Amino acid sequence: MTAIRLANKQDLEQLGLVYMEAYNPLKIGEEWDGTSAQKLLEWFYHEQPDLFFVAEMDGKIVGGIVALIKPWWDGNHLADGELFVHPDNQGNKIGVKLIKQLFISAKQKYQAVSWDTFTHIVHEHPLSWYKNLGFEEIEHWKMITGNIDSVLEKIKD
């Protein structure tokens with residue numbers, strides 16, 4: 001049985017390891033270690049601890065979800081955020097349970113109306129999974145990133 005509860009500071013080290021295990025095998029261009037993943041999750045925890053949930057099975061953390069509240073033109077949106085489930089536990093509806101808890105809490109506490117997030121498109125999953133839940137791709141938007149050194153090199157005076 002999976003239990004969903006609010007994260008606490010003591011969970012962050014284990015959550016970092018689960019995050020690393022969830023993302024590194026995907027080979028999407030991110031190479032997390034336990035320390036870097038924990039730092040990311042500590043930052044989220046500091047910013048929005050009331051919307052940071054963990055999934056536990058038999059007392060072991062197997063996943064997590066967090067998102068930030070951002071005011072937007074049509075109401076509060078969940079923004080940024082992370083959803084991750086250990087590969088050994090994927091396919092057991094844990095991600096669905098985590099999203100459900102996040103959405104219910106965000107709607108009750110902040111009247112959130114939407115979650116704006118990114119997902120990789122290197123593999124069919126998780127985009128197909130999100131679409132099955134009712135998420136839609138945004139036609140006119142694309143995430144971009146820029147290496148600071150490369151950009152500064154191009155805009156030198």
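Here's a quick tour of this protein, from its overall layout down to a few single residues.

The model is predicted, so keep that in mind as you look around. The protein has five helices and five strands, and from the N terminus on they come in the order β-α-α-β-β-β-α-β-α-α. Let's start with the whole chain and then zoom in.

**The big picture**

- Of the 157 residues in the protein, 36% are buried.
- The accessible surface comes to about 10,500 Å², and carbon and sulfur atoms supply 54% of that area.
- Take the contacts in the protein with a separation of 6 or more: 63% of them link residues 24 or more positions apart.

**Helix H1**

- H1 covers residues 12-23, which makes 12 residues. From first C-alpha to last, H1 reaches 16 Å, close to the 16 Å expected at 1.5 Å a residue.
- Which residues of H1 are buried? They are Leu12, Leu15, Gly16, Val18, Tyr19, Met20, Ala22 and Tyr23.
- The cover over those buried residues includes helix H2 (34-47) along with strands S2 (52-57), S3 (60-72) and S4 (75-85).

**Helix H2**

- H2 has 14 residues. Its span from first C-alpha to last is 20 Å, close to the 20 Å expected at 1.5 Å a residue.
- Gly34, Ala37, Leu40, Leu41, Phe44 and Tyr45 are buried in H2. Look down the axis of H2 and these buried residues fall within an arc of 140°, so they line one face of the helix.
- What do the buried residues of H2 pack against? They pack against H1, S2, S3 and S4.
- Now turn to the face of H2 that points away from the buried side: here you'll find Thr35, Lys39 and His46, which are exposed.

**Helix H3**

- H3 runs over residues 94-110, giving it 17 residues. H3 reaches 24 Å from its first C-alpha to its last, close to the 24 Å expected at 1.5 Å a residue.
- The buried residues in H3 are Ile94, Gly95, Leu98, Ile99, Leu102, Ser105 and Ala106. Seen down the axis of H3, they fall within an arc of 140°, so they line one face of the helix.
- Lys100, Lys107 and Gln108 are exposed on the other side of H3.
- Just past the end of H3, check out Gln111, which takes a positive phi of about 55°.

**Strands S3, S4 and S5**

- Is S4 mostly enclosed or mostly open? Eight of its 11 residues are buried, so S4 is largely enclosed by the rest of the structure.
- S3 and S4 run antiparallel, with nine bridges joining them. For a concrete pair, find Leu68 and its bridge partner in S4, Ala79.
- These two strands, S3 and S4, make a hairpin, and two residues sit between them.
- S4 also pairs with strand S5 (residues 114-116), this time in the parallel sense and over three bridges. Here His77 stands opposite Ser114 in S5.
- How does the chain get from S4 to S5? The chain crosses through H3, and this β-α-β crossover is right-handed.

**Two residues in strand S1**

- Thr2 belongs to strand S1, which spans residues 2-6. Is Thr2 buried or exposed? Its relative accessible area is 13%, and buried means under 20%, so Thr2 counts as buried.
- Setting aside residues up to four places away in sequence, Thr2 touches Ala55, Glu56, Met57, Ile94 and Lys97.
- Ile4 is found in S1 too. With a relative accessible area of 25%, Ile4 is partly exposed.
- Leaving out neighbours within four places in sequence, Ile4 is in contact with Phe53, Val54, Ala55, Lys97, Leu98 and Gln101.
- Ile4 and Ile94 are 90 residues apart along the chain, and their C-alpha atoms are separated by 8.9 Å.

Technical notes. Residues numbered from 1 in each chain as written. Predicted model: local features only at pLDDT ≥ 70, side-chain atom pairs only at ≥ 80, totals over all residues. Heavy atoms only, no water. Helix = DSSP H or I, 4+ residues; strand = E, 2+ residues; numbered from the N terminus. Expected span 1.5 Å × (residues − 1). Buried < 20%, exposed > 50% of the residue type's maximum accessible area, 1.4 Å probe, protein only. Contact = heavy atoms within 4.5 Å. Arc of directions from axis to C-beta. Pairing = 2+ DSSP bridges. Right-handed = clockwise from strand over helix to strand, strands pointing away. Areas by Shrake-Rupley, 256 points an atom, 1.4 Å probe, with all protein chains shown as cover.
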